[in-house]
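User: I'd like a close look at one part of this model, and I'd rather have a connected walk-through than a list. Here it is.

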Amino acid sequence: MDNYNPANLLLLLVILFNFFLLGSSRLNACIRTVAIQGGILSLLPLFIHGFSGHSLFLAGGAFLLKGLAIPFLLLRAIRQVHIRREMEPLIGYVPTLLLGTLATAGAFIFSDRLPLIEAHRGSLFIPVGLATLATGFLMLITRRKAITQALGYLIFENGVFIFGMLLAEAMPLMVEAGVLLDLLVAVFVMGIVMHQINREFSSMNTGQLSSLRE
Amino acid sequence: MIAALLLLPLCGGLAAFCLPSDRFRPLLLPVCGLGHLVLTFFVIQGGQVASLPLAGNWIGVDPFSRLILLIVSLLFCGCSVYALGYLRYRIAWGNRIFVSCLLLFLSAMSLAAVARHLGLLWVAVEATTVASAPLIYYNRNRLSIEATWKYLILCSVGIALAMLGILFVAYASLAGGAHVSLQFDDILHGAANYSKPWLRAGFVFLLVGFGTKAGFAPLHTWKPDAYGEAPGLVGALLAGGLTSVAFLALLRTLQIMDAAGDGAMAREAFLAMGLVSLAFAAVFVIRQPDFKRLLAYSSVEHMGILAIGVAVGGVATFGAMLHLMNNALTKGVLFLSAGNIHRRFASKRVGEVQGALTLVPVSASLFLLGFLAITGSPPFGPFISEFTILRGIFTGGHYLTGGLFLFFLAVIFIGMGSTVLSVVFGKPLERKGDTNYRETIMTTGTPLIMLLIILLLGLYLPESGRKLFADAAALLEVKP
């Protein structure tokens with residue numbers, strides 16, 4: 001537990017950002033927060049695995065993509081379509097915050113009961129990973145704007161990334177690079193689709209995407 | 001050889017992006033499609049497990065890969081010729097992105113077929129999602145945007161869950177004290193020592209993740225929208241190629257569970273998913289007013305049949321392998337001919353489309369015959385494979401499953417039949433069907449050849465073909 005200290009601080013920051021994301025309605029701030037969260041996560045490999053080639057590459061790649069490239073794409077997307085706020089979430093901000101708190105508490109209690117290996121017992125990685133996954137899911141479910149759904153997906157991916165930190169030796173460099181590249185292209189395509197949604201519907205509410213149903 | 005198989009469509013895709021002419025660019029499709037098919041035949045002829053020296057043992061060919069490669073390659077080759085006719089008709093819309101994405105899609109599917117590393121498999125499957133999303137958006141209207149967005153978000157999140165599942169499998173090896181690796185042979189070798197709770201959790205996430213991509217009910221919600229709004233040939237590639245690739249990922253998962261001695265639990269999950277898919281399909285097929293969405297529910301149904309076949313085991317596994325091929329090619333026939341009918345009538349709603357037989361006689365006949373084939377009428381291939389699965393169910397003593405299976409299939413036959421018959425027969429409405437689309441050999445030849453192949457598969461299965469399916473089935477029969 002002791003040798004994880006700087007990493008633990010970063011993980012606690014990640015949780016704080018989760019709460020901020022659930023409670024904020026300003027899209028610009030949300031995108032920047034996801035960027036900072038991604039940037040913080042990209043430092044984790046250096047703290048756990050030291051300055052090896054693998055962890056440097058992983059940290060650099062994750063920082064470039066999660067911290068810079070993807071937020072840039074998203075910021076450009078909302079600048080083009082002139083939206084600033086998420087107006088009408090399906091569930092209000094306070095209830096989602098409460099749900100987020102419950103999920104985070106649940107994540108900490110639940111990960112105490114998991115059959116973890118000795119080295120990971122009491123580590124913050126698993127509860128924070130689970131809490132971030134839950135935050136991503138909440139964003140995906142409760143928000144209506146295409147951009148907030150994309151953010152939810154990114155937060156979800158951040159949760160997967162935290163969990164993946166424990167298992168860096170299982171993922172070879174090439175695969176890691178492929179995962180990050182896929183993420184980038186996916187967000188790029190999402191950005192284009194968002195632009196088209198806005199052009200056709202003159203808003204980015206996915207609530208209007210409801211003609212296709214039985 | 002395998003490298004060429006992956007690089008040919010990749011380079012083709014890049015070349016298509018750089019080529020300036022909308023008129024000549026589509027020619028790259030059949031060139032790459034044929035080249036891919038030829039290479040696939042060479043790879044299939046190759047040794048038992050061939051691997052690529054450069055990438056360590058991350059890429060290799062086993063019987064599953066051979067089967068999926070053949071399916072994807074045959075289907076793509078057919079669709080690429082059809083695409084020539086289709087893109088000539090849609091010349092005004094431009095096709096730079098469309099052609100490039102089609103080729104990248106092929107490359108990603110081939111990579112998924114030969115990946116022997118779970119991480120690489122994940123990368124390839126996610127790449128199929130992003131490469132195919134622009135294809136669904138080709139019609140550029142409100143409905144196709146909606147379909148694309150749903151497809152992109154649902155499949156991306158689904159695939160993210162699969163990544164979590166993969167990490168759980170890796171954690172299972174860590175917790176079990178085994179060597180941590182996601183290389184497939186390492187996993188199969190060490191799975192017996194893996195920590196059971198983590199492995200099971202991993203299995204559930206993998207099933208949900210890749211199951212979303214394969215379109216099992218109730219995770220299928222992107223399917224009717226995407227298949228309904230995408231051009232016919234994209235529908236064919238999604239329903240025949242993409243779902244087969246996703247099913248391959250599920251088969252790999254099942255292999256791991258078998259190796260860990262937990263196959264029974266995994267098979268129960270497959271069986272449940274399969275039956276639920278059949279039930280959903282049966283409910284939504286009845287009185288379905290849109291004949292392309294109808295095909296999507298048929299795709300859900302056939303994913304269910306495949307899952308049940310694999311779950312029951314024994315001779316049904318062989319049936320399921322055969323059914324992968326039959327389903328893919330029959331879906332090709334149905335989507336390509338449905339695309340022709342859609343273009344002629346500029347509508348895909350029953351009531352607006354009637355009497356297709358008088359306006360597009362070849363496509364309408366193909367659509368009708370494709371319907372008969374997919375619902376399991378003799379003498380087509382799906383009859384043999386569905387019958388084999390059914391035989392497996394009853395010899396395995398699963399009478400309740402067998403009864404439900406037959407009941408749902410009958411309901412789906414009647415439900416699909418009423419829609420298909422009213423599209424094909426009757427008298428065309430006034431002022432409908434006055435678009436300038438006319439059938440050509442380019443757009444009817446391919447589905448015709450696919451129909452002939454499934455007819456042939458129904459009448460006579462050559463020894464080399466039987467071996468292909470039997471080898472693949474044998475991979476799931478290894479009892480530890």
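Could you start with the fold of chain A, reading its elements from the N terminus on, and then zoom in on A:Leu73 in helix H3? What does A:Leu73 touch, and is it buried or exposed? After that, take me across to chain B.

Analyst: Sure. From the N terminus on, chain A runs α-α-α-α-α-α-α, which comes to seven helices and zero strands. Keep in mind that this is a predicted model. The radius of gyration of chain A is 18 Å, close to the 17 Å that the globule rule gives for 214 residues, so chain A is as compact as a globular protein of that length. Laid along the principal axes, its C-alpha atoms fill a box of roughly 55 × 35 × 35 Å. Buried residues account for 48% of the 214 in chain A. If you take the contacts in chain A between residues at least 6 apart in sequence, 75% of them join residues at least 24 apart.

Now for your residue. A:Leu73 sits in helix H3 of chain A, which covers residues 53-81. To your buried-or-exposed question, the answer falls in between: A:Leu73 has 18 C-beta neighbours inside 10 Å, and since buried takes 20 or more, A:Leu73 counts as partly exposed. Leaving aside residues up to four places away in sequence, A:Leu73 touches A:Val187, A:Phe188 and A:Gly191. There's also a C-alpha separation worth having on screen: A:Leu73 and A:Met190 are 117 residues apart along the chain, yet their C-alpha atoms are separated by 9.6 Å.

Helix H7 of chain A, residues 173-201, brings us to the other chain. The contact between the chains takes 33 residues from chain A and 36 residues from chain B. On the chain A side, the elements that give two or more residues are helix H6 (146-165) and helix H7 (173-201). The largest share there, 13 residues, comes from H7(A). By residue type, that side of chain A divides into 22 nonpolar, six polar and five charged. As for the predictor's own scores, the complex gets an ipTM of 0.91 and a pTM of 0.94.

Over in chain B, the secondary structure comes to 19 helices and two strands. With 480 residues, a compact globule would have a radius of gyration near 23 Å, and chain B has 21 Å, which agrees. The C-alpha trace of chain B spans about 70 × 55 × 45 Å along its principal axes. Buried residues make up 64% of the 480 in chain B, and among its contacts between residues at least 6 apart in sequence, 82% join residues at least 24 apart. Chain B averages a pLDDT of 90, with 96% of the residues scoring at least 70.

Two helices of chain B are good places to stop. Helix H6(B), residues 142-175, has 34 residues that should span 50 Å at 1.5 Å a residue, and its end C-alpha atoms are 49 Å apart, which agrees. Of those 34 residues, 32 are buried, so H6(B) is largely enclosed by the rest of the structure. After H6(B) comes B:Gly177, with a positive phi near 75 degrees. Helix H4(B), residues 96-114, tells a similar story: its 19 residues should span 27 Å at 1.5 Å a residue, and its end C-alpha atoms lie 28 Å apart, which agrees. H4(B) is mostly covered too, with 17 of its 19 residues buried.

Conventions: Residues numbered from 1 in each chain as written. Chains lettered and ligands numbered in written order. Predicted model: local features only at pLDDT ≥ 70, side-chain atom pairs only at ≥ 80, totals over all residues. Contact = placed C-beta atoms within 7 Å. Helix = DSSP H or I, 4+ residues; strand = E, 2+ residues; numbered from the N terminus. Nonpolar A, V, L, I, M, F, W, Y, C, P; charged D, E, K, R; others polar. Expected span 1.5 Å × (residues − 1). Buried ≥ 20, exposed ≤ 12 C-beta atoms within 10 Å, placed from the backbone. Rg over C-alpha atoms; globule rule 2.2 N^0.38 Å. pLDDT = per-residue confidence, 0-100.
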